[in-house]
Amino acid sequence: MFGQFGIGLVETQGPLVKIQGDTLHLAWAGGLQNPQFGEMDWNGDGISDLWLFEKIGQRTLPLIQNPSTGKWNYEPIYRYLVRGLRFFALSADWNNDGSMDVVGYRWDGLQVFINQAAPGQAALFSKPPLRCISQYGVAISGLFVPQDDIPAFADVDHDGDMDVLTFPLFGCLEWHKNLSMETYGIPDSTVFRLESEHWGYFKEGININNIQLNDSCSGLGGWPNPLHSGAGRALLAADFNADSLVDLVVSEGGSPNMAWLKNGGSIAQARMTELNTSFPSNFSGTAMQLNTFPAAYYADANSDGTPDLLVATAGTDSPADTMSSFMYLNLGTKSQPLFNGAPQPFLQSDMIDLGTGAYPAAADLNGDGIADLVVGSSSKNGQPARLYVMLSNLDSSLSLLPLPGNDGSTLNNYDLVPSLGDLDNDGDIDLILGTQPGSLLLIPNLGNNTQPLFSGTAIVLVSDIGQTYASPELFDADSDGDLDLLVGGRDGRIAFYRNEGNASQAQFGTAETTFLGQIETVDPSVGSSGYSIPRIFYNQGIPELMVGSFRGTLSHYSALFSSPGQFNSNFTLVTDRLGYADAGLRSAPAPIVLPGQAYPDVVLGGAAGGLFYYKGVVADLEATPYSQPKITLYPNPVREGEKLYCKECPLKATWTLVSIQGQYLLQGEGNEIPTDGLESGLYVINIQTNKGPILSRLVIFK
């Protein structure tokens, strides 16, 4: 009646993770590389939270301020409220109603999501978004923003609606005037007119140190001369000196610093009259030096009501990875900021953030019956990849530290993908690593089954799998007592290597197939590479396969074997979006089996260097976590004990909550549905309206 049920995944905050005894409050938020910041009241409690959009993987990270601790909490239940964002996405009070909306780039240009939440309720955004249209002389088209740029949004002319400042591909700064107030008398539309092609009267240079003031940008052929570096530009527009005029902070790809331009003109005629290329030194802050492309954001970073200066790397080719996000605390006011000395690292020190890429594998390394993790990473600019371990503690938390005996630095590899298993039959867990060149390395465990210690010397198991970015999985495919190998890689396919040795001495020769199960994870809409990462898990005792990919999602395959030890030529694809898990880019799963749980949890690594935690639940394979065909239940999934809201339900509507076995559990009336006393799992809600009954699915998690 309600569709086909099977394994489902619900993203959660995961178990506590500690580094040297200190708890990481954002452990499972996925890591950062090119974050973009703003303000947002996610949960409707009236306290300013943090909007965060990560360009790598194009994902939203909803961060909620915890007033009792002063820390940020990652709340994945809000992650999919705004979908389809690309390149940049910022928060702004677009319609001037006191609630923050979202403006960002999508496949069809600049668009705005209006926050339609009632006072005291969690954020809820309009669908579909509003597309920004601008009049360029006699022509009308989508408002153009180069995809590597970050434009600025501000009420430049003080008429009550939000204008856009952006650079074209070539030329001076454009002012697109919002025509909402002039046309409709309210500030909620996205109709613009190109009001000025040289707003502020300044011209770009090769970098920000060559910006020229008092220049109308009328160089050779109408183009600026010289042109900028072409690696992206970022803008921040705000009044920094309480004169009611919009000033600018400008940065460019190729420059490690930022420039402040003072508006010394008027509301009607902006003109930049002062230039400081060591911003924010002119506001008591140490000059920012951040690799090759910093971007500035003005948002409240500690919920004290005053915006702070946040700076993060904007270029995806930047050498920054574990140190790409910083904060200057504002000790002044919004329009007269006073930034407190040197910038402080922001958020990343509270996360699992291993740099570029995180690839986990799970096994019990310390003999306590609880799964531990070994996590490999990638790196940039010639720096070797590293290896880490997350060991379970007595309080069910995990401790993150370098892998004992071998942190990977001496292996001199760009990319390390681990798999775990006992390859020498000595009772402890050994380590196999896939590398970027395409080799497979064995790192024996020289410790024991309670205190792992991995050898600093690597043994080559397979010198070349025939493709780069090797990703192994150990699995006894033929039930002969020794471990065989499944190996993914850049081409998106999976090879199978049968162990030609024995349980005490593994030996792998030539692959029996390089196209196991006819699996291929290349998605042309994302790129030409697949980066398949296979992992075996058990569904009611039967081995099945989940596969990570460059797209960032997980595929689930069943019917692996035609007979014991004999693979089917074609595996059955159950879904190419298992549990709607999403790592952004380059998903790397690690199934974790918990006692008494029907389906495994999944730790999911991604390209930004962090990890996500997904709880395994029974789920309807036809449902999605962010779309309901007839009514909208929000939030869905919902945490145990929290209220659920029905957006379209009339106040007099009656509802019944039913288990998937058909047991009636709760009944009530109205558009608020409590979840007190309900355990984690899948439920069905039957809502009676004057048009008949409406059925919808609900996931509850701890």
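V103 has V112 as its bridge partner in strand β11. Strand β10 (residues 101-106) and β11 pair in the antiparallel sense over five bridges, where pairing requires that DSSP finds at least two bridges between two strands. The two strands form a hairpin with two residues between them. Strands, like helices, are DSSP runs numbered from the N terminus (strands E, at least two residues; helices H or I, at least four).

The model is predicted, and local features need pLDDT of at least 70, side-chain atom pairs count only at pLDDT 80 or more, and totals for chains, interfaces and linings use all residues. Residues are numbered from 1 along each chain as its sequence is written, and side-chain values use heavy atoms, with hydrogens and water left out.

β11 also pairs with strand β12 (residues 130-131), in the antiparallel sense over two bridges; here Q111 stands opposite R131 in β12. Strand β11 (residues 109-113) is mostly covered, with five of its five residues buried, that is, under 20% relative accessible area (exposed is over 50%, partly exposed in between; 1.4 Å probe, protein chains only).

On the surface, F144, L169 and F170 make a nonpolar patch of about 300 Å². Such patches consist of residues with over 30% relative accessible area and no salt bridge, nonpolar side chains (Val, Leu, Ile, Met, Phe, Trp, Tyr) being joined within 5 Å and like charges within 9 Å. A salt bridge is a side-chain nitrogen of Lys or Arg within 4 Å of a carboxyl oxygen of Asp or Glu. F170 lies in the loop between β16 (163-166) and β17 (174-178) and is partly exposed, with a relative accessible area of 44%.

Note on methods: Accessible areas come from the Shrake-Rupley method with a 1.4 Å probe; for residues, only the protein chains shown count as cover.
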